[in-house]
Amino acid sequence: MSGLTFGKVVRAEWTKLFALRSTWVVMGVVPQLLVGLAALIGWNASGAAEAPGGVTQAVGGGFLVFAVVFGVFGVLVMTGEYGSGLIGATLAAVPRRLPVLWAKAVVLVVTTGPLMVVTSLLAFLANQAFAAHPITLGDPGVVRAILGVSAATVAVALLGLAIGTMLRHTAAAVPVYIGVLVLLPPVLLAALPGAVRETVLPYLPTLALQAMYHVGDDGVPVLGPAAGAAVSLAWVAVALAGAAVLLRRRDA
């Protein structure tokens, strides 16, 4: 075991990731669908005198779709091994266990980060191709928003990885992930008093992630981009820390 380095664990996780059919679907097919969705949103809004939501909508209009797809992908990176039984061999080869989780996180970041920058850029261009008065890359906040939505999507992949590690089963982890990211904000929106709602909601994962690409002031109670990134990073760190504790303590 003395020759087992973190680099070797990363290479092993890289090989396993690209052996999955779901990886090729996410890397090859999903970006095309997301760009097509952005074009459809742009075409649907083309009759409006002014693009609704401005830069925020043009760049991040499809973010929840990004979030669901890449979050579920992050879940499968871990639960797929439990489902196939491969996790026993993985943890036997890496008895300290935690390098497996960190290696999976590194591989997710390296694969989804560049992919999302390119996809977000193409999605923005496709969206604005239908605009009567298109927003350009040189307009204030556009490049930051593209990088922000890309980083937010990487963050949701890591959240999915953490939830998948904690729950181990795809059938349990995916509903929990979607519930936290998609269903929790509207439930709290309806349940909380107005003053409390405006204080709490911006710190929930979904709205903190959306703050990373939000541009302008449209009355939505969001954090600034830097604060949104900090809160999102905190959610990811807490989730991965919980995943690490459970991975070390439980039997494979």
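In this predicted model, Lys-104 and Glu-81 are both buried. Their side chains meet in a salt bridge, with 2.5 Å between N and O. This pair joins distant parts of the chain, since Lys-104 belongs to helix 6 and Glu-81 to helix 4, 23 residues apart. Lys-104 counts as buried because its relative accessible area is 3%, under the limit of 20%. The value for Glu-81 is 5%, so this residue is buried as well.

**The salt-bridge network**

A search of the whole structure finds four salt bridges. Glu-13, Lys-16, Glu-81 and Lys-104 are linked in a network of such bridges. The table lists three of the pairs, including the one described above.

| Pair | N to O distance | Separation along the chain |
|---|---|---|
| Lys-104 and Glu-81 | 2.5 Å | 23 residues |
| Glu-13 and Lys-104 | 2.7 Å | 91 residues |
| Lys-16 and Glu-81 | 2.8 Å | 65 residues |

Glu-13 and Lys-104 form a salt bridge that connects helix 1 (residues 6–17) with helix 6. The salt bridge between Lys-16 and Glu-81 connects helix 1 with helix 4. Glu-13 has a relative accessible area of 5% and is therefore buried. Lys-16, by contrast, is partly exposed, with a value of 21%.

**Thr-90 beside the network**

Thr-90 is found in helix 5, which spans residues 86–93. Its relative accessible area is 9%, so Thr-90 is buried. The side chain of Thr-90 makes a polar contact of 2.7 Å with the side chain of Glu-81. When residues up to four places away in sequence are left out, Thr-90 touches Glu-13, Lys-16, Glu-81 and Val-100.

**The cavity**

The model contains one cavity of 30 Å³ or more. The largest cavity holds about 80 Å³ of space. Its lining consists of 14 residues, and those nearest its centre are Ala-38, Val-59, Gly-61, Gly-62 and Ala-123. Two or more lining residues come from each of helix 2 (21–44), helix 3 (54–60), helix 4 (63–84) and helix 6 (98–128). By type, the lining comprises nine nonpolar residues, five polar residues and no charged residues.

**A position in helix 2**

Gly-28 lies in helix 2. Gly-28 is partly exposed because its relative accessible area is 32%, which falls between the limits of 20% and 50%. The C-alpha atoms of Gly-28 and Val-106 are separated by 20 Å, and these two residues are 78 residues apart along the chain.

Terms used:
Residues numbered from 1 in each chain as written. Predicted model: local features only at pLDDT ≥ 70, side-chain atom pairs only at ≥ 80, totals over all residues. Heavy atoms only, no water. 1 Å grid on protein atoms, 1.4 Å probe; cavity = no way out; pocket = protein on both sides within 12 Å on 5 of 7 lines; lining within 4 Å. Points joined across faces, edges and corners; volume = space filled by probe spheres on them. Helix = DSSP H or I, 4+ residues; strand = E, 2+ residues; numbered from the N terminus. Nonpolar A, V, L, I, M, F, W, Y, C, P; charged D, E, K, R; others polar. Buried < 20%, exposed > 50% of the residue type's maximum accessible area, 1.4 Å probe, protein only. Polar contact = N/O pair within 3.5 Å; in protein donor to acceptor, adjacent residues only side chain to side chain. Contact = heavy atoms within 4.5 Å.
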